[in-house]
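Biologist: Please take a close look at the part of this model that surrounds the ligand and the annotated binding site. I would like one connected account of the residues there and their environment.

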Amino acid sequence: MTLPDDLEYQTGFGNEHETEALPDALPKACFSPQKVPYGLYAEQFSSTAFTAPKHQNRRTWTYRIRPSAVQGDYQSWDHNPLLKTAPLRDLPPTPSQLRWGPLPAPEQPADFISGLTTIAANGDASTQIGTAIHLYAANQSMEKRFFYNADGELLIVPQAGALMICTELGRLQVSPGDIAVIPRGIKFRVDLLEEKASGYLCENYGAPLTLPERGPVGANGFANDRDFQYPVAWYEEKEGEFELICKFSGHLYACELNHSPLDVVAWVGTSAPYKYQLSRFNVINTVSYDHPDPSIFTVLTSQSDTPGVANLDFVIFPPRWMVAENTFRPPWYHRNIMSEFMGLVHGVYDAKEKGFVPGGSSLHNCMSPHGPEADVFKKASEADLKPVRYENTLAFMFESRYVYVPSKFAMESDIRQKDYIKCWSGLQKHFDPNQKP
Ligand SMILES: O=C(O)Cc1cc(O)ccc1O
Ligand SMILES: [Fe+2]
């Protein structure tokens, strides 16, 4: 369900946005004046190295009631043993094709952070390489708890239930069909707008997500810059007993706060949380023949140090027309150097009509063979190739150059579909050397 979203946003991917919740709160002629309007403190927030190339540089100046340094001592926080960080060492990486059903709804109270479960991770957070994939399942708002993640940027893909993500830089409302991205280090709280909420969370240890190049497609297409929505300044002036949780180099810490950290009255900069409605994606595909590589469906990419080889590609399979002639239309059988983790927001995915259910996941690691299940192969091989519209479907992929290591929970939990590979066992031999091509 999509709840109406009446919040105000600023638009434009990666723009230097500026916003103030009180008139003239934003200093005009410099970033760090001797006295900030309204008695605020200036604090710079850097998401990239000071010296990162200009087109990649992301930093934001915040003007806040108290500097972030006003907080208690960090103590270790051990309330979520299922939240893990790469490198995962409990089990060896596996080339086995894996699939999972959704997580059951939590029986105990769980918020967005305490209700996180890690399914897989790759790379190494301490070297800022790789990603982790978690599922969230929450039945309560974070209330007096706030969180920031020093290990990476967070890409939230809601699957059920609308969320109000209250951040230092303002609020984002997201429903299934939207995504939100929270920069590394930004403090936030997630409020549930419905009784429960669940979805996927990709933690990107690497370079911040950005739009892929458009190449010969030109200046428009795929995810258009104008459709990315950034919050306007919004603050809470609240005193009391609050808790700030942080994930730092794979460890969870908490410190006490005597005020809400969402106290930024004005900000200007290029590093900020944002949301994007996936239905805005301009889908580009063949109008002649063959099934193009799924990179044509890339919404956002986190580049590694090798050009064209992603730390993380976020790819979607949205509703679209399928018109390819003389073509086997579903994904082909394939083996890929990149590792592919998939999820389903709603509907049915064209390669897997059974077993891959909304809220579920699959993993096909580097070079592990996969493709349509047996029934899909049969149907697609005989289909009448008239134009058809794929409706009510939204699958996605977190694709990475690094092998995903599943968590112990993922391998041992009942949500793992241990018979997944049987989906290909019905593929019969049809070879006939005497058949005329
Ligand atoms: O494996 C998958 O289902 C994802 C995928 C989809 C597609 O259309 C082409 C290649 C690919 O890896
Ligand atoms: Fe694939």
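Modeller: The account below begins with the annotated positions, proceeds to the ligand shell, and ends with two other parts of the chain.

The model is predicted. The unreviewed UniProt entry places the feature "binding site" at Tyr349 and His370. These positions are spread over 22 residues of sequence, yet they cluster in space, with a largest C-alpha distance of 14.1 Å.

Tyr349 lies in the loop that links strand E24 (339-347) to strand E25 (361-364). Tyr349 counts as buried because it has 24 C-beta neighbours inside 10 Å, the cut-off for that class being 20 or more. Leaving aside residues up to four places away in sequence, Tyr349 touches Phe317, Leu344, Phe356, Thr393 and Ala395.

His370 belongs to the loop between E25 and helix H1 (374-382). Because 23 other C-beta atoms lie within 10 Å, His370 is buried. With residues up to four places away in sequence again not counted, the contacts of His370 are Gln97, His334 and His364.

His370 also takes part in the surroundings of ligand 1, where the residues are His291, Pro294, Pro331, His334, Glu340, Ala351, His364, His370 and Met397. Two contacts of His370, namely His334 and His364, therefore reappear in this shell. Sorted by class, the shell around ligand 1 consists of four nonpolar, four polar and one charged residues.

Elsewhere in the chain, Val157 sits in strand E10 (residues 153-160). Val157 is classed as buried because there are 24 C-beta neighbours inside 10 Å. Beyond residues up to four places away in sequence, Val157 touches Ile179, Gly199, Tyr200, Gly343, Val345 and Phe396. Among these, Gly343 and Val345 fall within the residue range of strand E24 (339-347). Val157 and Val174 are 17 residues apart along the chain, and their C-alpha atoms are separated by 8.9 Å.

The remaining part to describe is a sheet. Strands of a sheet pair through backbone hydrogen bonds, in either a parallel or an antiparallel manner. Here, an open sheet of four strands runs in the order E2-E19-E4-E3, and its pairing is antiparallel. Its edge strands are strand E2 (17-20) and strand E3 (41-46), each of which pairs on one side only. From one strand to the next, the twist averages 20°. E3 and strand E4 (residues 59-64) are joined in the antiparallel sense over six bridges; Ser46 has Arg59 in E4 as its bridge partner.

Technical notes. Residues numbered from 1 in each chain as written. Chains lettered and ligands numbered in written order. Predicted model: local features only at pLDDT ≥ 70, side-chain atom pairs only at ≥ 80, totals over all residues. UniProt positions renumbered as here; feature names shortened; annotations may be inferred. Helix = DSSP H or I, 4+ residues; strand = E, 2+ residues; numbered from the N terminus. Buried ≥ 20, exposed ≤ 12 C-beta atoms within 10 Å, placed from the backbone. Contact = placed C-beta atoms within 7 Å. Pairing = 2+ DSSP bridges. Axes fitted to C-alpha atoms, helices over the stretch in contact; angles between N-to-C directions. Near = placed C-beta within 6 Å. Nonpolar A, V, L, I, M, F, W, Y, C, P; charged D, E, K, R; others polar.
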